[in-house]
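Thanks for coming. I will go through one structure today, starting with a question about charged side chains and then moving on to the helices.

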Amino acid sequence: MEILYDDRLTSAELSEIYSKYYSKLVIIALRYVRVKSAAEDIVTDSFVSFWEHRDRFPHDVNKIGYLLTIVKNNCLNHLTRQQNLLKLEQHLTSENLRMTNESIRALGHFEPNTFYATEVQQIIRRELDKLPEMTRKIFEQNRFMDKTYDEIAQELGITRRKVTSEIQNVLAILRKALADYLPVAGLISVILNNLHKY
């Protein structure tokens, strides 16, 4: 039976070509793709394509040469996909490395106490802004202007007990507002204690 120059490909001829050339084509593909399972898949796909396009063969085509060309093109396609994947992986690795370096640099400069202190100060300011004017004035004069309870009482014309009561109320409000910061209670305590001046 002449296989190489027949115009039509029959299933019997395909079986014969497959039996005779499959292993040889896998060895050829393996030289380029270097992974046996990939080489086997390429050759199998090439046989499928070879069979599906049998009605498009040019007259007097060398069927084995045609099949070898399909294998070559499929190897090229496989290697091009691999190349693109490697480029993408390299880009992602490079990007991940850059992001990791940025995170390391940022963490090196990150001061948790400063971060929480800023947040705590914002909460304190927000809560103070909600207070009645007299209460806020008493608290701010004591905590921010270093005035004693007696000085505040005398200036505002109220009793020392009223000053004490108002400051204790404000501290209770602030402790409640800062309840979510219990894990950093030491920091909060320092902030509140530093505000506490008699």
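To begin: how many salt bridges does the count come to? The count comes to 10 salt bridges. Please keep in mind that what you see is a predicted model. Side-chain atom pairs enter the count only at pLDDT 80 or more.

For those new to the topic, one general remark. Side chains of opposite charge can pair when their charged atoms come close. The cut-off used here is a side-chain nitrogen of Lys or Arg within 4 Å of a carboxyl oxygen of Asp or Glu.

Before the examples, the overall layout. The protein has eight helices and zero strands. Along the sequence the pattern therefore reads α-α-α-α-α-α-α-α, with a helix taken as a DSSP run of at least four residues. Of the 198 residues in the protein, 30% are buried. Now take contacts between residues at least 6 apart in sequence: 61% of them join residues at least 24 apart.

Back to the salt bridges, and to helix α4, which covers residues 112–130. Arg125 and Asp129 pair there through their side chains, at 3.4 Å from N to O. These two residues are four apart in α4, about one turn of the helix. Arg125 is partly exposed, with a relative accessible area of 35%.

A second pair is Lys130 and Glu127, whose closest N and O atoms are 3.2 Å apart. Where do these two sit relative to each other in helix α4? Lys130 and Glu127 are three residues apart in helix α4, so about one helical turn separates them. The two ends of this salt bridge fall in opposite classes. Lys130 counts as exposed because its relative accessibility is 59%, and the cut-off for exposed is over 50%. Glu127, with a relative accessible area of 10%, is buried, since buried means under 20%.

The next pair is in helix α7. Glu166 and Lys162 form a salt bridge with an N to O distance of 2.8 Å. They are four residues apart in α7, and so about one helical turn separates them. Is Glu166 buried or exposed? Glu166 is buried, at a relative accessible area of 11%. Lys162 is partly exposed, at 36%.

There is also a group of three: Glu95, Arg98 and Glu102 are linked in a network of salt bridges.

Now to how helices meet. Please stay with α7, which spans residues 160–177. Helix α6, residues 149–156, packs with α7 at an angle of about 115°, and their axes are 8 Å apart. The two helices are therefore roughly perpendicular to each other, as that class runs from 65 to 115 degrees. The crossing of α6 and α7 is right-handed. Which residues make this contact? From α6 there are Tyr149, Asp150, Ile152 and Ala153, and from α7 there are Arg160, Val163, Thr164 and Ile167. Sorted by class, the contact of α6 with α7 has five nonpolar residues, one polar residue and two charged residues.

Helix α7 also meets α5, which covers residues 133–143. The axes of α5 and α7 come within 9 Å and cross at roughly 90°. That makes α5 roughly perpendicular to α7. On the α5 side, the residues are Thr135, Ile138, Phe139, Asn142 and Arg143. They meet Val163, Glu166, Ile167, Val170, Leu171 and Leu174 in α7. The contact of α5 with α7 divides into seven nonpolar, two polar and two charged residues. You will recognise Glu166 in that list, from the salt bridge with Lys162.

Two single residues to finish. Ser46 is in helix α2, residues 36–52. Why does Ser46 count as buried? Ser46 counts as buried because its relative accessibility is 0%. If we leave aside neighbours within four places in sequence, Ser46 is in contact with Leu67, Ile70, Val71 and Asn74.

The other residue is Asp55. Asp55 has a relative accessible area of 65% and is exposed. Its C-alpha atom is separated by 7.2 Å from that of Arg8, and the two residues are 47 apart along the chain.

That is the end of my part.

Note on methods: Residues numbered from 1 in each chain as written. Predicted model: local features only at pLDDT ≥ 70, side-chain atom pairs only at ≥ 80, totals over all residues. Heavy atoms only, no water. Axes fitted to C-alpha atoms, helices over the stretch in contact; angles between N-to-C directions. Parallel < 35°, antiparallel > 145°, perpendicular 65-115°, else oblique. Left-handed = near helix turned anticlockwise from the far one by under 90°. Contact = heavy atoms within 4.5 Å. Nonpolar A, V, L, I, M, F, W, Y, C, P; charged D, E, K, R; others polar. Buried < 20%, exposed > 50% of the residue type's maximum accessible area, 1.4 Å probe, protein only.
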